Amino acid sequence: MTMATHSDRPAMAFRLGRYFLMPAFIAAVCASLFVYLSQQEPDRIVAQRLNFDSIVDSTLRHLYLVGVSTVLVIAIAVPLGILLTRPFARTLTPPFVTVANTGQAVPSFGVIVLFALTLGFGVRYAIAALTIYAFLPVLRNTMVGLQQVDPSVIEAGRGMGMSKRAVLAKIELPLAVPVVLAGVRTALVLNVGTATIVTLTDAGGLGDIINAGLVTNRTLLVVTGGVLTAALALLVDYIAAIAENVLRPRGL
Amino acid sequence: MQRHARSTHALSRSLALAAVLALLMAACGGGGPAGDGGKEGGDAVADTIDLSGVNIAVGSKEFTEQQIVGQMARLALEAAGARVDGQAIGLTGTQNVRGALQQGRIDMYWEYTGTGWIEILQQDELLEGSDAYYQRVKEADAANGVVWLRPSEVNNTYALFVGPNVDLGVQTISDLAALARENPDRATLCAATEFIVRPDGLGGVTKAYNFEFSQVNELALDLAINAAIQGQRCTVGEIFQTDPQISKKNLNVLEDDQGFFPVYNLAMTIRRDAYEQHAEAYDTLFGAITDLLDNETMIELNGRREFEGESFDDIARDFLVSRGIISG
């Protein structure tokens, strides 16, 4: 058990300070953006999408789309990944992985529009499309994370009398967590970007701002929407990184 | 044995050479001026104009109507003897085509007066009538070194429509407005972002006719039209006046009885430097084509592409030949 000594304090402060670097950067970028915006004279077209209510609406909708689809991906892909790494599932693995591969290989634009045309427009099916699109990283990382657990550790656990389920819960999963979380983090950031497209299928989001700028040739809208999306992606990535650190088992 | 091998080798080499030559000829055979300048049957308009030796680059936007008229311009100029570069026919987006024009990468393309006013010149003041849009655009764009020729009657402006599966009992936008005030649930809209944010779109029409849609669904244009035709998500859709789906799918286009929507007349725009060298020739040639175009004609030509799948080149050529602009 080491105790924090006097000479440790600057190192700790530095570590803590690093935690604030990214949020400070994001805040600085957003602040400069808003300062710049407040100095512009928006015409009627720009004002439609660049007002407080509209931006907040779009951002919240965007977070909703990303949040729900990520929760769904985790809820489906992680258990599936666990299942597919069990010995009995060896033969089942290829088709599932192929589907996951296809889900991401098909351009996000295509998946989203296809879902809209076959299933219907709106938020619900947009979330379904985003879920399919982000499926692969989480599934694959879950599988890889579990597969890379040292077999001798598992053997040790079994040798100690732990049941298969206990080995899974107490040894395999905790050791796989860092890799799984890395996959979740990837999926999250992917979804922040992909969710800009669902503006085309009546699902809203920050894409509303970007698309409005593209079709009316108002660069201000495109830049604002783009910067906000990027800032959101950085923020989401940052929070996921903190979660990764918090959930990482001690001793690794 | 060796002689046999050598002759087979020689045979396959000549075959390969022939294949390469065939490919080269196919590749090179595509472009080039049409015809050998034969002036037989010189009734066609293009035959009365001489642009031989002139190099021209024509562009267009990517949607059907633009590519058809873009090919018309190319064919007509070629028939007059010019050497036309049509690579920029089909560029995506007004900005790209217009940018190419202003940078001199193309010499001309067909634009719409309303687009010129609202999108290119970035004006958000709404004008009244064809003449107003044409005159103001022509005047203001002169400062950018762009000449607008006399516009056609094609008015590719916004329209609201009710799909075949929905019965609202309305014929004009005023009717729709009255219905919306009485029975808001029946007035829901599927439209594209462009229509929703532009002052000459949703905001303007609802203000001019004094009504609101109880729900506005924002989708990509094709999806919005699709949804409005299905009639489940919304009762009213947004469409452009020359969309061939109007006649094919029997859409009930509501009459803009108060004349709110801006005018988008199709007109040829040319870089001033290029224009001034052969002004009369261009005026005559494009004037003749312009006189033949109106919404009904455009709907029919657009339909040939979208429903019959004919190539832009064929559609344009057939039209120009049948109307005596170029000889067959």
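This is a short talk about a few spots in a two-chain structure, from single residues up to the cores.

Okay, hi everyone. Before we start, keep in mind that this is a predicted model.

Let's begin in chain A. Find A:Val73, which sits in helix α3, residues 52-84 of chain A. Is A:Val73 buried or exposed? It counts as buried because 26 other C-beta atoms lie within 10 Å of its own, and the cut-off for that is 20 or more. Leaving out residues up to four places away in sequence, A:Val73 touches A:Thr131, A:Ala134, A:Phe135, A:Val138 and A:Ala187.

Now hop over to one of those partners, A:Val138. With sequence neighbours up to four places away left out again, A:Val138 touches A:Val73, A:Ile74, A:Ala77, A:Val78, A:Gly183, A:Val184 and A:Ala187. Which residues have the most contacts inside the largest nonpolar core? They're A:Val138 and B:Ala224, and that core has 89 residues. The helix that gives the most to this core is α9 of chain A, residues 164-194, with eight residues. There's another core apart from that one, with 62 residues, including B:Ile56 and B:Trp110.

So how do the chains meet? On the chain B side, 15 residues are in contact with 17 residues of chain A. If you want to find them, look at α7 (193-197), β7 (215-219) and α9 (221-230) of chain B, which each supply at least two residues of that side. As for chemistry, the chain B side splits into six nonpolar, three polar and six charged residues.

Next, a strand in chain B. In β1, residues 55-61, six of the seven residues are buried. Strand β1(B) runs parallel to β2(B), residues 83-91, and six bridges join the two. You can spot one facing pair at B:Asn55, which stands opposite B:Arg83. To get from β1(B) to β2(B) the chain goes through α2(B), and this β-α-β crossover is right-handed.

Last stop: helix α14 of chain B, residues 312-322. Its buried residues include B:Phe312, B:Ile315, B:Ala316, B:Phe319 and B:Leu320. Why are they on the same side of α14(B)? Because they cover an arc of only 120 degrees around the axis. And what do the buried residues of α14(B) pack against? They pack against α2 (64-79) and α13 (295-306) of chain B, and α2(B) is the helix we just met in the crossover. After α14(B) comes B:Gly324, with a positive phi near 75 degrees.

That's my tour, thanks!

Note on methods: Residues are numbered from 1 along each chain as its sequence is written. Chains are lettered from A and ligands numbered from 1 in the order in which they are written. This is a predicted model: local features need pLDDT of at least 70, side-chain atom pairs count only at pLDDT 80 or more; totals for chains, interfaces and linings use all residues. A residue is buried if 20 or more other C-beta atoms lie within 10 Å of its own, exposed if 12 or fewer, and partly exposed in between; C-beta atoms are placed from the backbone. Helices (H or I, at least four residues) and strands (E, at least two) are DSSP runs, numbered from the N terminus. The arc is that of the directions from the helix axis to the C-beta atoms. Two residues are in contact if their C-beta atoms, placed from the backbone, lie within 7 Å. Ala, Val, Leu, Ile, Met, Phe, Trp, Tyr, Cys and Pro count as nonpolar, Asp, Glu, Lys and Arg as charged, and the others, Gly among them, as polar. Two strands pair if DSSP finds at least two bridges between them. A crossover is right-handed if, with the strands pointing away from the viewer, the path from the first strand over the helix to the second runs clockwise. A nonpolar core is a set of buried Ala, Val, Leu, Ile, Met, Phe, Trp, Tyr and Cys residues joined through C-beta atoms within 7 Å.
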